[in-house]
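Here is a protein chain to explore at your own pace. Have a look at the picture first, then read on.

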Amino acid sequence: MKKGLLRSGIIRMIAGLVLMGALLFLPAGTWCYPGAWRLLALLFLPMPVIGIVLAVKAPELLAKRLNAKEQESEQKQVIVMSALIFILGFVLAGLDFRFGWTKLPLAVVIAGMVLFLMAYVLYLEVMRENAYLSRTVEIQEGQKVIDTGLYGVVRHPMYMAVTILFLSMPLVLGSVIAILPFLGLPAVLVKRIKNEEQVLEAGLPGYREYEKKVAFRMIPFLW
């Protein structure tokens with residue numbers, strides 16, 4: 001296990017927890033915001049275990065997941081747009097709780113939690129299947145096309161999992177109004193995927209043949 005890598009992961013996790021907590025609790029004006037605690041627990045409690053497993057079993061994959069320095073200018077735009085969506089969504093959710101604008105039924109909140117956990121498991125399965133799963137758009141040395149498992153269903157199962165994960169967040173938070181910003185996320189991911197596939201087509205041998213084999217990019221039978 002690389003201690004420096006694990007330490008970097010822990011620091012980033014804590015930073016993410018603090019930032020996300022601030023975006024939720026400050027607009028809510030209280031620590032007694034059940035939706036925020038639900039989301040933070042679902043998102044961050046599994047992370048230390050996953051980080052330790054990756055640090056021990058797949059340190060190279062963990063290093064790739066911690067690297068967020070994009071080289072593609074179009075991907076940098078995607079990161080900015082995604083960040084704005086998250087900030088607006090979380091702030092609106094906090095304000096929604098504070099002022100009582102909207103409220104979701106408990107059954108919908110529970111359904112959102114189930115969807116969130118399902119997406120989390122799907123995301124972990126994608127990481128298990130693909131050792132080249134970098135956070136940045138790049139061609140890695142020795143990289144090969146993965147066409148089995150979830151990659152035999154859609155070409156970008158990670159983005160499918162991410163879409164479900166983040167669209168379920170407003171449901172977990174119990175806010176109707178917070179859903180609106182998050183609806184823009186699929187469009188951002190479409191932009192990312194199109195640019196990513198241009199890079200892969202140009203630099204990854206066999207990727208064009210894989211595109212012919214697996215027709216759908218992110219959503220089975222739709223796109």
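What follows is a short tour, from the whole chain down to single residues.

## The big picture

First things first: this is a predicted model. Count up the secondary structure of the protein chain and you get 10 helices and 0 strands. So if you walk along the sequence, the pattern reads α-α-α-α-α-α-α-α-α-α.

The protein chain has 223 residues, and 44% of them count as buried. How much of the contact list comes from residues 24 or more positions apart? Taking the contacts in the protein chain with a separation of 6 or more, such pairs account for 80%.

## The nonpolar core

The largest nonpolar core holds 51 residues, and the members that touch the most others are Phe90 and Phe116. Seven helices give two or more residues each: α1 (3–28), α2 (34–44), α5 (73–99), α6 (106–129), α7 (157–173), α9 (185–203) and α10 (207–213). Which of them gives the most? That's α7, with 10 residues.

Let's zoom in on Phe116. Setting aside neighbours within four places in sequence, Phe116 is in contact with Leu39, Leu42, Leu43, Leu165, Ser168, Met169 and Val172.

## Two helices, ruler in hand

Start with α6, which has 24 residues. From its first C-alpha to its last, α6 reaches 35 Å, close to the 34 Å expected at 1.5 Å a residue. Phe116 turns up again here, as one of the buried residues of α6. Others on that list include Val109, Gly112, Tyr120, Tyr123 and Glu129.

Now try α9. Why should this helix span 27 Å? Because α9 has 19 residues, and the expected span is 1.5 Å times one less than that number. The end C-alpha atoms of α9 are indeed 27 Å apart, so the two values agree. Among the buried residues in α9 are Leu185, Val188, Arg192, Asn195 and Glu197.

## Three residues to find

Ile85 lies in helix α5. Is Ile85 buried or exposed? Its relative accessibility is 11%, and since the cut-off for buried is under 20%, Ile85 counts as buried. Not counting residues up to four places away in sequence, Ile85 touches Pro181, Phe182, Gly184, Leu185 and Val188. Two of those names, Leu185 and Val188, are also among the buried residues in α9. Ile85 and Phe182 are 97 residues apart in sequence, yet their C-alpha atoms are 6.1 Å apart in space.

Next comes Pro186, which sits in helix α9. With 23% relative accessibility, Pro186 counts as partly exposed. Beyond its neighbours within four places in sequence, Pro186 is in contact with Thr163 and Leu167. The C-alpha atoms of Pro186 and Thr163 are separated by 6.5 Å, with their positions 23 residues apart along the chain.

Last, look for Gly29 in the loop between α1 and α2. Gly29 has a relative accessible area of 53%, and because exposed means over 50%, Gly29 is exposed. Gly29 and Phe99 are 70 residues apart along the chain, and their C-alpha atoms are separated by 9.8 Å.

## A pocket to peek into

The second largest pocket has a volume of about 260 Å³. Its lining is made up of 16 residues, and the ones nearest its centre are Arg38, Phe97, Lys103, Leu173 and Gly174. The elements giving two or more residues to this lining are α2, α5 and α6.

What classes of residue line the second largest pocket? There are 8 nonpolar, 5 polar and 3 charged residues.

How values were computed
Residues numbered from 1 in each chain as written. Predicted model: local features only at pLDDT ≥ 70, side-chain atom pairs only at ≥ 80, totals over all residues. Heavy atoms only, no water. Core = buried A, V, L, I, M, F, W, Y, C linked by side-chain atoms within 4.5 Å. Buried < 20%, exposed > 50% of the residue type's maximum accessible area, 1.4 Å probe, protein only. Helix = DSSP H or I, 4+ residues; strand = E, 2+ residues; numbered from the N terminus. Contact = heavy atoms within 4.5 Å. 1 Å grid on protein atoms, 1.4 Å probe; cavity = no way out; pocket = protein on both sides within 12 Å on 5 of 7 lines; lining within 4 Å. Points joined across faces, edges and corners; volume = space filled by probe spheres on them. Nonpolar A, V, L, I, M, F, W, Y, C, P; charged D, E, K, R; others polar.
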